[in-house]
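Visitor: Please take one part of this model and go through it closely, with the cut-off behind each term. I would like to know about its cross-links and then about whatever else can be said of the packing.

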Amino acid sequence: MKFTLGLAACAAVVVATPTKTVEKRDASQANAACASAVTLAAGSNPFSGRTLHANSAYASEIAAAMQSVTDTSILAQASKVAQTGSFLWIDTIARVPLVAQMMTETPCTDIMGLVIYDLPGRDCAAKASNGELKTGELAKYKSDYIDPIAAAIKAAPNVAVALIIEPDSLPNLVTNANLTTCSSSKSDYESGVAYALKTLNFPNVAMYIDAGHGGWLGWDANLKPGAAEITKVYTAAGSPKQVFGFSTNVAGWNAFSLSPGEFSTASDAKYNKCQDEKTYIDTFSPLIKSGGMPAHAIMDTGRNAVQGLRAAWGDWCNVNGAGFGVRPTSSTGDSLVDAFVWVKPGGESDGTSDTTADRYDSFCGHDDAFKPAPQAGQWNEAYFEMLLKNAKPAFS
Ligand code: BGC
């Protein structure tokens, strides 16, 4: 996972289940699956009235890490994080069976969040999250990754599911086409994303195609090409009706609403009016819409509590000093933003700081990156405790 600057030079959704319903419910009813098929209608907000599911995979990861912790306040806060909704990354074929498991544990009150993240030649502009499939292995991506995920979702029509489709992939095609790794990935990325959109297009699913963040596609020169790339792939997929819009700030650090923006005094700031994610979403959405695609957004607020930490907007790896941000909620104050969600599981690394490792990316060695850090996706206890300490709102 990484974010690259593009310009060449440049709270649980404990949404109002009406109180009286809650009062009537006993614990088992509250945890029950829906009695009938769920239909998420494009144009409606799938997070409204549903809680982003606090999945057991992240909870188990936290529980395992807490085995060696004795500080009672950290233990108490960690258990609150485990109860907070977050997306689960299906980042390898080996993790695909988790999808069926997640479907069985998601109650009718909830929406399960999954990140689809295993394209051939993954993370083409960086090294930290290079994946298991090589460029050219599109057939395997379809048959061994997307198809079994689709089968698991199809078998669970009574569960609401939100999917974030392939973080960073299409943005990388827009801004990093000069890299051989990205230009040679182009065909697999476009065909792979189109296949995912077409194949995962079930009535109980809401899909959001990843659109980077304001410091990436928000540059004046990138907005239109960015929207064109995303809507092109959406159209190539046959305009699947369960595509609701786009995701932003996945695994990122930007504030939703901040004026002046964090990088507004930088010398190139005049080329980017999207200094916070709200402005980015409000600016990008009409361009996506004019390309014929639904254009609502969800934003990752999992680690954006503290601003002013990055030396440069493009610094993406294990930013030091970060804290857990606003909890998942569909109360965003912006009709284009369906929800703030936690996508990057706080505590999982963005990339290793071991300079001798194969997937070492120099961004993970920058001064503003927390060190030491393990491989992307691996647990970093010290980082997790830092996120707790700096959380806003605090875990009291
Ligand atoms: C890693 C994945 C991991 C995800 C969530 C990405 O940067 O490449 O392996 O699942 O982050 O931590």
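**Disulfides, a helix and its rings**

Guide: Cysteine 124 and cysteine 182 are both buried, where buried means under 20% relative accessible area, exposed means over 50% and partly exposed lies in between, using a 1.4 Å probe and protein chains only. This is a predicted model, in which local features need pLDDT of at least 70 and side-chain atom pairs count only at pLDDT 80 or more, while totals for chains, interfaces and linings use all residues. Residues are numbered from 1 along each chain as its sequence is written, and side-chain values use heavy atoms, with hydrogens and water left out.

The sulfur atoms of cysteine 124 and cysteine 182 lie 2.1 Å apart and form a disulfide, a term that requires a pair of cysteine sulfur atoms within 2.5 Å. A disulfide is a covalent bond between the sulfur atoms of two cysteines. The torsion about the S-S bond of cysteine 124 and cysteine 182 is about 95 degrees, so this disulfide is right-handed. Cysteine 124 sits in the loop between β3 and α6, and cysteine 182 in helix α8 (residues 180-183), so the pair ties together parts 58 residues apart in sequence. Helices (H or I, at least four residues) and strands (E, at least two) are DSSP runs, numbered from the N terminus.

By the same sulfur rule the count comes to 3 disulfides. Another joins cysteine 34 to cysteine 108, with 2.0 Å from S to S. The link of cysteine 34 and cysteine 108 has 95 degrees about the S-S bond and is right-handed. Cysteine 34 lies in the loop between α2 (27-30) and β1 (51-52), and cysteine 108 in the loop between α5 (97-105) and β3, so parts 74 residues apart in sequence are tied together. The ends of this link can be described separately: cysteine 34 has a relative accessible area of 14% and is buried, whereas cysteine 108, with 35%, is partly exposed.

Cysteine 317 and cysteine 364 also form a disulfide, with their sulfur atoms 2.1 Å apart. The torsion about the S-S bond of cysteine 317 and cysteine 364 is about 95 degrees, so this link is right-handed. Cysteine 317 is in the loop between β7 (296-300) and β8, cysteine 364 is in the loop between β8 and α12, and the two are 47 residues apart. Both cysteine 317 and cysteine 364 are buried. With bonded cysteines counted along the chain, the disulfides follow the pattern 1-2, 3-4, 5-6. As for cysteine 274, its relative accessible area is 0% and it is buried.

Next comes helix α3. In α3 (residues 56-66), Tyr58, Ile62, Ala65 and Met66 are buried. Seen down the axis of α3, these buried residues fall within an arc of 100 degrees, so they line one face of the helix; the arc is that of the directions from the helix axis to the C-beta atoms. An α-helix has 3.6 residues a turn, so residues three or four places apart point the same way. The cover over the buried residues of α3 includes α4 (72-82) and α12 (381-389), with contact meaning heavy atoms within 4.5 Å. At the N-terminal end of α3, asparagine 55 acts as a cap, with a side-chain oxygen 3.2 Å from the backbone nitrogen of alanine 57. A polar contact is a pair of N or O atoms within 3.5 Å; within protein, one must be able to donate a hydrogen and the other to accept it, and residues adjacent in sequence count only if both atoms are side-chain atoms.

Tyrosine 58 counts as buried at 3% relative accessibility. A search of the whole structure finds 17 aromatic pairs. Tyrosine 58 and tryptophan 379 form one that is tilted, at 6.5 Å centre to centre and 55 degrees between the planes. Tyrosine 58 is in helix α3 and tryptophan 379 in the loop between β8 (337-341) and α12, so the pair ties together parts 321 residues apart in sequence. Rings of Phe, Tyr and Trp (its six-membered ring) pair if their centres lie within 6.5 Å; planes under 30 degrees apart count as stacked, over 60 as edge-to-face and the rest as tilted. Tyr58, Phe324, Trp342, Trp379, Phe384 and Phe395 form one aromatic cluster. Arginine 327 lies over the face of phenylalanine 395, at 3.8 Å from the ring centre; this placement requires NZ of Lys or CZ of Arg within 6 Å of the ring centre and within 35 degrees of the ring normal.
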